[in-house]
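Biologist: Please take a close look at one strand of this model and describe what surrounds it. I am new to reading structures, so go step by step and then place that part in the rest of the chain.

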Amino acid sequence: MVFEIGRGGIVRSGGKRQRFGTAVLLACAVAASVAHAAPCRTSGSYASWLAAFEREAAAQGISQRAIAAAAPSLTYDQKIVNIDRGQRVFSQTFLEFAGRMAAAYRIQRGQQLIKTHAATFAHIEQQFGVPAPVIVSFWALESDFGANMGKYHSLSAIASLAYDCRRSDRFRAQLLDALRLIDRGDLVPDEMIGSWAGELGQTQMMPSEYNRYGVDFDGDGKRDLIHSVPDVLASTASYLHGLGWKRGEPWLTEVRVPMNLPWGQADLSTSLPRAKWASYGVTFVNGRPLPADNLPASLLLPMGRFGPAFLVYANFQVYLQWNNSLVYSSTAAYLATRIAGAPALVRGTPPPALSFTEVKEMQALLTHAGYDVGTIDGFMGLKTREAVKAVQIKFGLPADSYPTAELLAKLRGQ
Ligand code: CA
């Protein structure tokens with residue numbers, strides 16, 4: 001992976017997809033209670049776990065040939081488990097992350113690649129309804145266009161995480177799908193190198209997504225998301241289509257907002273017809289009026305009311321399903337608009353972001369005051385933003401969901 005990011009606006013080392021969030025910790029007792037499931041490390045050795053897993057794979061119809069081919073790679077790697085348990089974390093704001101990731105060379109390279117593969121992209125859009133810049137922005141962010149797909153042996157990584165008790169069920173299902181990829185002839189075990197959390201290929205899909213949405217677009221019989229650019233691009237579009245991408249609709253538009261906006265409306269959970277936003281005085285960033293139509297849109301202020309402003313549409317939910325970190329999703333969606341020709345965003349003058357420690361303190365204070373921030377983890381996730389908005393309303397502050405030093409001081413004084 002080019003970068004390392006996790007949920008809720010955090011950047012961390014891998015495991016970026018929603019279902020691998022740190023909040024989802026499966027207790028061993030739960031995993032062990034699932035009928036016929038292989039146990040995890042507290043209830044047996046790795047060898048016995050693996051034997052049970054291989055029986056389960058066979059019972060699910062995976063061929064002995066595929067199981068035998070994978071067997072030498074299904075080794076336990078404590079290093080992977082250590083990475084998963086000790087995920088180093090550091091937070092970045094949207095402006096920091098977008099500034100780094102939506103770099104000029106990625107925009108130019110993305111535009112160039114759209115020209116190079118123009119015919120392929122045209123067929124893909126026809127079939128899946130996903131435009132080229134959207135696909136290319138994920139290609140850019142996930143692997144720098146295939147240059148950096150990770151260095152870990154996927155089978156070993158996933159097996160290790162499946163044996164470990166934290167998210168045993170989830171990774172065991174991924175491991176079964178990894179074997180299905182081998183069984184189908186898409187990949188051979190030796191070429192299955194990816195992120196430590198098991199993501200594979202040029203857009204870093206997990207084996208289950210790969211198996212479900214992968215497309216053989218170059219017609220060689222294999223769905224090869226490591227080497228085949230047509231397969232990568234079509235499979236990514238197929239996955240986005242599967243997540244609900246709406247053909248012909250925008251995903252994000254930069255806008256200009258008036259300072260007398262009812263700020264409480266600026267929230268992903270609030271969706272209004274674009275005409276309503278126009279009536280509030282929201283315009284395109286260059287001042288042109290918005291179309292007075294009924295297209296549902298939410299106002300996203302990733303850095304609060306003094307920072308950049310975007311209208312986001314139903315398709316933005318697809319980004320949040322790809323990775324439910326708001327910082328990642330906003331950046332990917334913004335990068336796609338840049339590749340599609342939009343100008344660089346207006347940074348505005350947002351107040352300094354709270355530090356990791358301050359966010360954590362604020363979350364604790366909010367929780368103490370009865371607000372639901374999700375996990376007290378120091379990250380500005382969607383739930384924490386909602387709690388911030390609620391308390392801003394209570395304090396009579398502009399409710400733009402963005403916490404400031406002023407807000408923290410007020411909470412401390414409660
Ligand atoms: Ca192929």
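Modeller: The chain has 18 helices and nine strands. The model is a predicted one. Of its 414 residues, 56% count as buried. Among the contacts in the chain with a separation of 6 or more, 68% are between residues 24 or more positions apart.

The strand to look at is β8, residues 296-300. Five strands form an open sheet in the order β6-β8-β9-β5-β7, and the pairing is antiparallel. In that order β8 is placed between β6 and β9. The edges of the sheet are β6 and β7 (283-284), and each has a single partner strand, so one side of each is left without a neighbour in the sheet.

Take the β6 side next. Strand β6 covers residues 272-273 and pairs with β8 in the antiparallel sense over two bridges. Leu272 has Ala297 in β8 as its bridge partner. Pro273 is partnered with Pro296, also in β8. These pairs show the antiparallel sense residue by residue: Leu272 goes with Ala297, while Pro273 goes with Pro296.

On the β9 side, β8 is joined to residues 310-312 by three bridges, and these strands also run antiparallel. Within this pairing, Ser298 of β8 stands opposite Val312 in β9.

How much of β8 is buried? Four of its five residues are, so the strand is largely enclosed by the rest of the structure. For that count, a residue is buried when its relative accessible area is under 20%.

Now the nonpolar cores. The largest one has 93 residues, and those with the most contacts inside it are Trp49, Val134, Leu155, Leu179, Phe316 and Tyr319. Helix α15, residues 326-339, gives the largest share of this core, with nine residues. Val134 can serve as an example: leaving out residues up to four places away in sequence, Val134 touches Leu240, Trp245, Trp251, Tyr319 and Ala336. Apart from this core lies another one of 17 residues, with Trp263, Val282, Leu299 and Leu301 among them. Leu299 brings us back to β8, as the strand covers residues 296-300.

Elsewhere in the chain there is a metal site. The calcium ion is coordinated by OD atoms of Asp216, Asp218, Asp220 and Asp231, the last of these listed twice, and by the O atom of Lys222, at 2.2 to 3.0 Å. The angles among the six donor atoms range from 47 to 161°, and the site is irregular. Along the sequence, the donor residues follow the spacing D-x1-D-x1-D-x1-K-x8-D. Asp216 is partly exposed, at a relative accessible area of 24%. Asp220 is partly exposed too, at 43% relative accessibility.

Last come the charged pairs. Side chains of opposite charge can pair when their charged atoms come close. The structure holds 17 salt bridges. In one of them, the side chains of Asp77 and Lys79 meet at 3.6 Å, N to O. Lys79 has a relative accessible area of 47% and is partly exposed.

Another salt bridge is formed by the side chains of Arg166 and Asp84, at 3.1 Å, N to O. Arg166 lies in the loop between α9 (154-163) and α10 (168-184), and Asp84 lies in helix α4 (residues 78-85), so the pair ties together parts that are 82 residues apart in sequence. Asp84 is buried, at 2% relative accessibility.

Asp164 and Arg85 also form a salt bridge, with 2.5 Å between the closest N and O atoms. This pair links distant parts of the chain as well, with Asp164 in the loop between α9 and α10 and Arg85 in helix α4, 79 residues apart. Is each partner buried or partly exposed? Asp164 counts as buried, at 1% relative accessibility, whereas Arg85 counts as partly exposed, at 47%. Through salt bridges that share partners, Arg41, Arg85 and Asp164 are joined into one network.

How values were computed. Residues numbered from 1 in each chain as written. Predicted model: local features only at pLDDT ≥ 70, side-chain atom pairs only at ≥ 80, totals over all residues. Heavy atoms only, no water. Buried < 20%, exposed > 50% of the residue type's maximum accessible area, 1.4 Å probe, protein only. Pairing = 2+ DSSP bridges. Donors = N, O, S within 2.8 Å, 3.2 Å for Na, K, Ca; no water. Tetrahedral: all angles 85-135°; square planar, octahedral: opposite > 155°, others 65-115°. Core = buried A, V, L, I, M, F, W, Y, C linked by side-chain atoms within 4.5 Å. Contact = heavy atoms within 4.5 Å. Salt bridge = Lys/Arg side-chain N within 4 Å of Asp/Glu carboxyl O.
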